[in-house]
Protein chains: 2
Amino acid sequence: VSSHLEAELREQPEALRRLIERQRGYAEQIGDLFRSHDVQYILIASRGSSSNAARYAQYLLGRAHRVPVAFATPSLFTLYEQPPRLDGALVIGISQSGKSPDVVEVVAEARRQGRPTVALTNSPASPLGMTADAVLKLEAGDERAVAATKTYVNSLGAVALIFATTTADRQALVELERLPGQLAAQLDRSWDDVGALDVFGRIEGGTVVARGINYCTSFEIALKIRELSGLLFESYSAADLMHGPVAAIAPGWPVLAVAPSGPALAAMADAVAAVGARGARTIVISDDERLLASGEIGLPLLEGVPEWLSPLVAVLPGQLAALRFAQLRGIDLDRPLGLSKVTLTR
Amino acid sequence: VSSHLEAELREQPEALRRLIERQRGYAEQIGDLFRSHDVQYILIASRGSSSNAARYAQYLLGRAHRVPVAFATPSLFTLYEQPPRLDGALVIGISQSGKSPDVVEVVAEARRQGRPTVALTNSPASPLGMTADAVLKLEAGDERAVAATKTYVNSLGAVALIFATTTADRQALVELERLPGQLAAQLDRSWDDVGALDVFGRIEGGTVVARGINYCTSFEIALKIRELSGLLFESYSAADLMHGPVAAIAPGWPVLAVAPSGPALAAMADAVAAVGARGARTIVISDDERLLASGEIGLPLLEGVPEWLSPLVAVLPGQLAALRFAQLRGIDLDRPLGLSKVTLTR
């Protein structure tokens with residue numbers, strides 16, 4: 001292994017296993033926070049990769065608690081100094097470093113208003129960890145590569161753990177405990193598959209699409225490719241793409257579809273057909289044989305992962321694609337393009 | 001005038017004036033909806049350009065009512081058939097055609113749960129208009145170009161009218177009534193300025209950035225350029241851009257900054273400097289002389305528009321830029337790139 005990034009990619013199954021083992025009790029306490037307050041909606045503050053974990057929470061916690069999940073507009077709390085009343089809210093801050101000042105400010109305001117607050121962070125001693133009522137430590141260990149990989153998967157894992165310990169479905173925890181092994185198998189498989197992308201060595205960018213619970217995966221894969229390779233990747237909901245932005249999908253433009261089996265599969269098959277009809281070059285991440293075969297390149301997902309956990313495995317071929325695109329461009333994987341690990345925004 | 005698009009661009013001041021005159025009474029009734037229910041948060045369902053009007057509402061109604069504004073995840077209502085409990089919510093559906101099935105379904109579910117619902121639509125007789133408790137007609141008149149212009153500005157106008165008739169600040173309505181004249185003056189000015197963009201005749205794409213209340217403007221300008229010209233334009237919050245995606249801003253890449261005076265101006269000046277340091281070619285839409293002068297091209301905004309109304313004028317130079325980029329590429333302005341006017345997504 002020649003870079004921190006590759007080492008950390010390989011550590012992901014073990015990091016997830018550690019999270020599930022060590023933090024299960026804390027996740028149950030967070031479930032108590034839901035039950036002991038009259039929670040009418042969830043408000044999440046986040047930036048960067050953590051915003052993609054927030055998108056996962058929007059679907060999963062929205063379904064678990066049957067409440068809407070809103071994203072905070074940090075500038076209303078900071079630049080505009082007009083924070084909203086938060087009656088009825090449970091507020092979650094997600095930040096692997098725990099240092100993002102605007103995320104901390106949203107959580108601090110919620111505490112001032114007496115609302116229950118939760119931090120998902122890799123650093124419980126950080127400003128975010130010190131501000132929230134309850135902290136779920138991500139247990140990812142040190143992450144030295146600039147591009148977040150194991151902290152991203154473990155932030156999804158933290159959301160999944162909160163779901164599994166609060167839903168009535170006892171099968172959920174069993175399914176989650178099976179996941180680290182499935183991650184390891186998926187990584188092995190995808191590492192073999194990703195060389196197929198070398199035919200995309202001269203692209204300038206691409207569009208990643210998904211719908212439903214893997215909307216987060218689409219954003220995270222686009223961000224990861226972009227951070228590591230500098231290629232112009234973007235992300236759209238398959239539904240929003242058809243409302244105009246598809247105009248820029250020209251013949252030969254790469255479109256990567258994230259489409260695990262589930263309620264969104266049929267809509268994704270429609271989207272792949274629609275961009276294919278415009279002449280796009282398609283890459284498909286899926287466990288559905290027919291959809292895989294419809295793409296120029298198929299990056300298969302192993303079967304047997306329930307849809308609610310699919311974002312934790314579907315991101316893996318995307319991470320490896322990002323690594324591959326960066327290698328094809330000769331970029332230093334641990335210090336890509338002048339980025340720094342922690343970005344402080346007000 | 002040689003296209004519907006150009007005619008409709010020019011109609012915008014008059015369309016806004018009509019909205020303000022005719023719909024003020026209905027806007028006041030919608031204010032009563034807020035007061036007669038215990039509204040703890042606002043939930044908005046929308047697609048396409050209407051989602052950018054929703055982003056404006058997120059800031060403006062969030063500030064007016066001091067409640068968070070959440071965006072619905074339509075697929076939870078449709079594909080997943082797991083709609084959330086909406087206790088505490090006031091639900092707004094925004095759709096110029098009123099025909100988007102997923103937007104209609106979110107509003108229908110809210111009514112089934114007994115929550116107050118509002119439709120902002122150009123077609124009160126549409127499924128959306130027939131489903132909501134209260135309808136604010138956009139009064140934009142027929143829009144025949146595929147790219148939404150006057151319906152977009154009037155959907156912002158509808159949000160501003162609801163704000164102006166519900167806030168305690170009586171100055172707000174006076175400021176809004178002054179706006180149609182300011183729109184007309186801005187259009188005249190920007191039509192003269194936009195020829196400066198011809199030096200960008202060979203670009204392949206660009207990045208639009210903003211922060212705070214003009215986040216909506218950034219998204220709308222990127223969408224409009226993309227729809228009309230097929231150029232790969234994208235939009236970022238200036239804060240999110242710095243969390244990684246800036247990696248793809250290479251020397252020579254166009255960055256368009258939307259930066260009217262206000263609390264976000266300093267953060268925007270930082271962003272323009274940061275992308276400039278990476279060698280980006282910058283276009284600045286602002287009323288701030290110093291920031292305008294810092295860009296390769298400045299597209300000035302006229303002074304005297306209060307910040308809360310700035311998204312209705314700041315979008316105009318962007319619309320004209322989109323028109324110009326399309327003309328430079330020889331594209332039919334009314335039927336760009338195989339798009340259709342109404343997109344139906346589940």
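**Exercise 1.** Find how many helices and strands chain A has, and decide how its radius of gyration fits its length.

*Solution.* Step one: in this predicted model, chain A is built from 12 helices and 10 strands. Step two: its radius of gyration is 19 Å, close to the 20 Å that the globule rule gives for 346 residues, so chain A is as compact as a globular protein of that length. Step three: for another view, look at burial, where 68% of the 346 residues count as buried.

**Exercise 2.** Work out which parts of chain A the salt bridge between A:Lys150 and A:Glu11 ties together.

*Solution.* Start with the distance: the side chains of A:Lys150 and A:Glu11 meet at 2.7 Å, N to O, and a salt bridge needs these atoms within 4 Å. Now place the partners: A:Lys150 lies in helix 6 (residues 150-166) and A:Glu11 in helix 1 (residues 4-36), so the pair ties together parts that are 139 residues apart in sequence. Finally, check exposure: A:Lys150 is buried at 3% relative accessible area, while A:Glu11 is partly exposed at 34%.

**Exercise 3.** Now try a pair within one helix: where do A:Asp193 and A:Arg189 lie, and how many residues apart are they?

*Solution.* First, the two side chains form a salt bridge, with N and O 3.0 Å apart. Next, both residues belong to helix 7 (residues 171-193), 4 residues apart, which is about one helical turn. Last, compare the cover: A:Asp193 is buried at 17% relative accessibility, under the 20% cut-off, whereas A:Arg189 is partly exposed at 34%.

Note on methods:
Residues numbered from 1 in each chain as written. Chains lettered and ligands numbered in written order. Predicted model: local features only at pLDDT ≥ 70, side-chain atom pairs only at ≥ 80, totals over all residues. Heavy atoms only, no water. Helix = DSSP H or I, 4+ residues; strand = E, 2+ residues; numbered from the N terminus. Rg over C-alpha atoms; globule rule 2.2 N^0.38 Å. Buried < 20%, exposed > 50% of the residue type's maximum accessible area, 1.4 Å probe, protein only.
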